[in-house]
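The exercises below are meant to be worked with the sequence and the model side by side. Try each task before reading its solution.

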Amino acid sequence: MPGGVRRSYILAVVAVVLFALCYHSSSPSQHRYNVRLNQDVQELNLELSEAEIEDFLKTSAQKTKSEAAPISTTTSAVPQAWNKSQGDDVEFVVVNNKVYLKGEPIPQKVRYPVLKPSKGRVLKNMDFSRFKGEEKEFMEARRRTLLKRASRVSSMCKARSKLATSRLLHLVWDLQHQPNVVWCPNYKVASTSWMVNYLRLAHFNEGNPEILKLPPAKREKRPIKVKFGARQKKVFELYPAPSDGAELKKAFEGAIRVMFVRHPFARILSAYRDKMSKMDPKPREYRFRDLQLAIISKYRHADSPETSPFPTFPEFVQHIIDSTKGYQTAEDWVEHVKCWTPYWAQCNVCSSDYTLILKLETMSEDERFLINLANYEELKKRQTQEWRHLHNATSQDLASQYFSLLTHEQILQLHQRYLLDFQLFEYALDDYLKYANDR
């Protein structure tokens with residue numbers, strides 16, 4: 001929120017509270033509460049009655065609802081602190097229009113360190129002497145490939161110094177293994193599979209009596225089923241960020257920082273198939289069905305012969321092109337887009353010096369490198385061909401089917417929206433431009 005808007009909002013909050021005080025000044029005496037209001041780190045300490053508090057919360061809720069764009073908000077996981085340092089006289093705290101009772105966790109403003117890409121300095125200096133024979137040869141060879149990726153990112157980011165800013169990130173903090181790993185998930189890029197891997201690493205649901213009752217043949221995969229609580233939210237709960245700012249900085253700087261990428265257009269196609277071609281796509285709180293209907297309403301003409309209850313791929317792509325036209329910053333993308341936010345914005349690439357940039361196209365080798373490096377012994381027996389299958393089915397076999405529905409101009413415009421991702425991670429436009437229906 002820009003400074004001017006933030007100051008205006010605080011003034012609006014003050015006006016609301018003053019109105020409440022005046023409105024109820026003639027009311028009978030009521031018990032009054034000490035309340036702390038906080039809007040983007042700006043605070044007010046007030047004494048309010050129950051009626052005044054009710055008026056304030058109603059007005060704030062209405063204001064928030066009227067200002068919010070439909071299907072557009074997102075939140076980042078941030079370290080939590082318990083509301084116990086507010087003083088005995090404060091019954092609850094209102095932070096950005098949300099009420100936190102004494103003892104409840106409240107969001108804390110923590111600055112993530114800015115680590116400019118270093119051409120893979122940490123990876124380059126790693127000691128691989130613990131690996132022997134063929135495994136050491138593999139690790140050394142793969143390191144050379146990963147260093148080339150890191151060098152490319154460093155060169156591209158060096159020319160874009162304005163991108164080196166501190167932002168809150170939605171990360172998985174594995175501080176339980178040595179070396180520590182901090183992973184930035186990107187939707188539709190092995191995120192679900194590696195969420196499952198981290199549940200396995202945490203031995204999630206081992207000892208669950210409901211699972212132990214099942215026959216051995218069914219027992220193995222049940223711990224990672226949604227029915228038994230295996231959700232992405234659980235992964236973030238199991239691997240939280242340090243709550244102390246200094247500890248977070250130390251952990252972030254000392255960990256192996258990891259992200260996964262794939263061809264940006266393959267990811268968009270995967271997101272379309274997962275979120276735009278189902279009646280009830282998950283997660284429901286993102287309201288993808290509402291977005292589907294909004295796209296159809298805007299881009300499907302009344303005389304169109306198309307009768308699908310879902311947006312067509314060209315309609316979806318045109319929505320991305322139009323809705324992101326004015327986006328200039330990472331905040332623009334992160335605050336308004338779900339599942340197809342560019343990698344550079346989602347993971348703050350030019351400020352995080354990622355140790356490992358792993359690609360879905362070479363995931364068999366890349367995940368083997370990560371598993372070896374991080375000593376993920378529990379996963380070594382589970383290296384499967386799932387990545388290869390996913391890449392072949394979505395990126396190759398389906399690319400011509402869907403991108404042949406787009407015009408040359410649409411593909412070029414979509415490329416412009418994700419240009420930095422193409423440049424950072426060396427993906428080619430021609431792989432998809434050749435499918436344009438008017439080439």
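**Exercise 1.** Leaving aside its neighbours within four places in sequence, which residues is Ile-357 in contact with?

*Solution.* Begin with the ground rules: this is a predicted model, in which local features need pLDDT of at least 70 and side-chain atom pairs count only at pLDDT 80 or more, while totals for chains, interfaces and linings use all residues. Residues are numbered from 1 along each chain as its sequence is written, and side-chain values use heavy atoms, with hydrogens and water left out.

Next, find Ile-357 in strand β10, a strand being a DSSP run of E with at least two residues, and a helix a run of H or I with at least four, both numbered from the N terminus. Then list its contacts (heavy atoms within 4.5 Å): beyond four places in sequence, these are Leu-146, Arg-149, Val-153, Met-259, Val-261 and Phe-425.

Finally, check accessibility, where buried means under 20% relative accessible area, exposed over 50% and partly exposed in between, with a 1.4 Å probe and protein chains only. Ile-357 counts as buried because its relative accessibility is 5%.

**Exercise 2.** Determine in which sense β9 and β10 pair, and describe how the side chains of β10 are arranged.

*Solution.* Two strands pair if DSSP finds at least two bridges between them; strand β9 (residues 256–261) and β10 do so in the parallel sense, over four bridges. Within this pairing, Met-259 stands opposite Ile-357.

Now follow strand β10 (residues 356–359): Leu-356 and Leu-358 point one way, Ile-357 and Lys-359 point the other way, and all are buried. The contacts of Leu-356, again leaving aside neighbours within four places in sequence, include Ile-256, Val-258 and Met-259, and also Phe-369, Leu-370 and Leu-373.

**Exercise 3.** How many residues of helix α15 are buried?

*Solution.* Helix α15 spans residues 363–373 and is mostly covered, with eight of its 11 residues buried. Among them are Phe-369, Leu-370 and Leu-373, which are also contacts of Leu-356. Just after the helix, Asn-375 takes a positive phi of about 60°.

**Exercise 4.** Is Thr-341 buried or exposed, and which backbone oxygen lies 3.3 Å from a polar atom of its side chain?

*Solution.* First place Thr-341 in the loop between α13 (330–336) and α14 (343–346). With a relative accessible area of 1%, Thr-341 is buried. The backbone oxygen in question belongs to Val-337. Outside four places in sequence, Thr-341 is in contact with Arg-267, Trp-333, Val-334 and Gln-346.

Note on methods: Polar contact = N/O pair within 3.5 Å; in protein donor to acceptor, adjacent residues only side chain to side chain.
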